[in-house]
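Biologist: Could you take me through one part of this model in detail? I'd like to look at a pocket and at the parts of the chain around it.

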Amino acid sequence: MKQTPVHLLLILFVYVEVQCHKHVRRQNKMSRVLDKMLEGYDKRLRPGFGGPPITVHGHILVRSMGPISERDMVYSMDCYYRQLWEDKRLASNMNRENISLSIKFLERIWHPDTVFFNGRRSYLHTITTPNKFIRLNRNGTILFSQRLTVRASCKMHLENFPMDTQQCPLELGSFGYSADEVIYKWHPGLKEPVEIASHMTLNQFDLIGYPASNFTKLIKDTPHTILAVKFFLRRHTGFFLIQVYIPCILLVVLSWVSFWINREATSDRIALGTTTVLTMTFLGLDIRTDLPKVSYVTALDYYVAVCFGFVISTIIQFAVVHYFTKYGTGDMNMVFQTSDDSDDSGEIGEITGRGRSNGDLWVTDNAAYANSHRRPLRCFYKMWDCVTGTRNYSGRSHPRDTIVNTEVQDKVALRILADVGETCACTIS
C-alpha cells in the first residue's frame with residue numbers, strides 16, 4: 001500500500017501522543033511516589049528519632065575570599081556549602097538512582113539547623129532565585145547545597161604587622177541538636193573536605209593553608225559537634241613598602257640635608273626640620289586609621305617611631321649646636337672704656353666689633369678672634385665646671401674679657417663673675 005504524506009503525519013501524531021502519555025504516566029508515578037513518601041512524614045522529628053544520632057556530612061567549596069578587615073577583625077567569603085544525610089523515611093523503589101527536586105520540597109522534610117558560630121551577617125544568595133537545590137537518592141540519602149556569603153569574625157594578632165600571618169577560623173554546627181542527636185563530620189568520600197577555587201586570588205594575603213577538623217564543644221553545658229576550618233593568611237608587604245617604608249626613609253634622608261645648611265641659617269634649618277617632623281607625624285597617624293585601637297605596639301609602629309626619632313633629632317642637634325656656639329659665631333664682642341672718669345663711675349661698656357676702645361682709640365682683639373674657633377670646646381668646659389662646681393669655672397676667660405687698661409681689671413673681673421653666675425644658673429635650670 002502506498003503511503004501518502006497524510007499517512008506519515010498520522011503516524012507521527014500517534015507516536016508523539018504515545019510518548020506524551022508515557023511521560024505523563026512517569027510524572028504521575030513519580031508524584032504518587034513522592035506523595036506516598038510524605039504520607040505520615042513528620043518533619044518535626046529528626047531521622048531515627050529515639051535511636052542513635054544521625055550523621056550529617058559537610059563539604060565547602062570556597063569561590064572567593066575578601067575583603068579582610070583588620071579594623072573590624074572580620075573576613076568574608078563566597079562559598080558553596082553542601083550537606084549530606086540519610087533519612088530512611090524517604091527511601092523508595094523508584095527506578096532512578098536520584099532525582100533533583102524543587103526547594104519547596106525542603107520545606108516538607110526535616111533538615112539540619114546548621115549555623116556558623118563565629119559568623120556575622122551571613123546571607124543566602126537569592127538572585128535571580130534562591131541559590132540552593134536538593135537531590136534525593138532512592139535509598140533516602142539527601143544532598144542539600146546552597147550558595148552563601150559568610151562574614152565571620154577573626155581575632156587577629158597584629159604584633160608583627162605588616163609582616164604577620166593570621167589564622168581565621170570558621171566553625172559550624174547544629175544550633176539546637178546536641179551531640180547525642182546530630183553528629184557533624186566532613187564528607188569522607190572527597191579528597192579534601194574544603195576546596196578552594198583554582199581562580200581565587202587575594203589582594204593583600206596569600207592563602208598558605210586551610211586544615212579542617214571536627215571536635216566536640218560545650219555550649220551551655222551541652223556537647224555539640226563542630227566542623228572547623230582554619231584559613232592561614234600571610235600578608236603581602238608590597239603595599240606597605242610603597243606607602244610607608246620608602247616614604248619614611250626619604251623623610252629621614254631629607255632631614256639630614258639640614259646638616260649641610262649653614263648653622264647661621266636658623267630659619268631655613270628650623271623650617272626644614274619642622275616640615276619633616278609634621279610629615280612624619282601625619283604619616284604615622286594615617287597608617288593607624290585602618291587598624292583597630294589595640295593596646296599593644298605593632299612592628300610598623302616601632303619602625304615609624306625610630307624614623308620619627310631620627311627626624312626630630314636633627315632639630316635637637318641644631319638647637320644644641322646653636323646654643324653652645326652662639327658666642328663667637330658672628331662679630332666679636334668688644335669691651336671699651338669711654339673716658340678716664342670711667343674708673344670713678346665703674347661703668348664698662350660693651351659693643352659689637354672686632355676691636356675694643358680705650359678712650360678714643362680702638363684696639364682689635366686678635367687673640368679673642370682667634371680663640372673664637374675653639375668656642376664649642378670652651379663652652380663645654382664651662383658647662384662642666386658649672387655643673388661640678390669647681391673653681392676652674394671662674395678662671396676660664398671669655399674672649400671679651402681681654403682688657404688693655406689694667407686699671408679696670410678688677411671691675412672687669414666682677415663683670416665676668418656676674419656673667420658666669422647667669423650662665424651657670426641657666427645651665428642648671
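Modeller: Happy to! Keep in mind that this is a predicted model. Let's start with the second largest pocket, which holds about 320 Å³ of space. Its lining is made up of 17 residues, and those closest to its centre are F161, F239, F240, I287 and D290. By class, the lining has 8 nonpolar, 4 polar and 5 charged residues.

Which elements supply this lining? At least two residues each come from β1 (54–69), α2 and α3. Helix α2 gives the most, with 4 residues. Strand β1 has a detail worth finding on your screen: P67 lies in this strand, and the peptide bond that leads from G66 to P67 is cis, with omega near 0°. That is worth a second look because most peptide bonds are trans.

Now let's follow the two helices of the lining. Two packed helices are described by the angle between their axes and the distance between the axes. For α2 (residues 238–255) and α3 (residues 266–286), the angle is about 165° and the axes are 10 Å apart. An angle over 145° counts as roughly antiparallel, so α2 is roughly antiparallel to α3. The crossing of α2 past α3 is left-handed. On the α2 side, the contact is made by Q243, V244, P247, C248, L251, L254 and S255, and these meet L272, T276, T279, M280 and L283 of α3. Sorted by class, the residues of this contact are 8 nonpolar and 4 polar, with no charged ones.

Helix α3 also packs against α4 (residues 299–324): their axes come within 10 Å and cross at roughly 160°. These two helices are therefore roughly antiparallel to each other, and α3 passes α4 in a left-handed crossing. From α3, the residues in this contact include T266, R269, I270, G273 and T276, and among their partners in α4 are V304, C307, F308, V311 and I312. This contact has 10 nonpolar, 8 polar and 1 charged residues. If you want a residue that links the two contacts, try T276 or M280: both are listed in the contact of α3 with α2 and in the contact of α3 with α4.

So, when you turn the model, begin at the pocket with F239 and F240 close to its centre, follow α2 across to α3, and then go from α3 on to α4.

Note on methods: Residues are numbered from 1 along each chain as its sequence is written. This is a predicted model: local features need pLDDT of at least 70, side-chain atom pairs count only at pLDDT 80 or more; totals for chains, interfaces and linings use all residues. Side-chain values use heavy atoms; hydrogens and water are left out. Axes are lines fitted to C-alpha atoms, for helices over the stretch in contact, and angles run from 0 to 180 degrees between N-to-C directions. Angles under 35 degrees count as roughly parallel, over 145 as roughly antiparallel, 65 to 115 as roughly perpendicular and the rest as oblique. A crossing is left-handed if the near helix is turned anticlockwise from the far one by less than a right angle, and right-handed if clockwise. Contact means heavy atoms within 4.5 Å. Ala, Val, Leu, Ile, Met, Phe, Trp, Tyr, Cys and Pro count as nonpolar, Asp, Glu, Lys and Arg as charged, and the others, Gly among them, as polar. On a 1 Å grid over the protein atoms alone, a cavity is a set of points where a 1.4 Å probe fits but cannot get out, and a pocket is an open set with protein on both sides within 12 Å along at least five of seven lines; lining residues have an atom within 4 Å of a point. Grid points are joined across faces, edges and corners, and a volume is the space filled by probe spheres set on the points.
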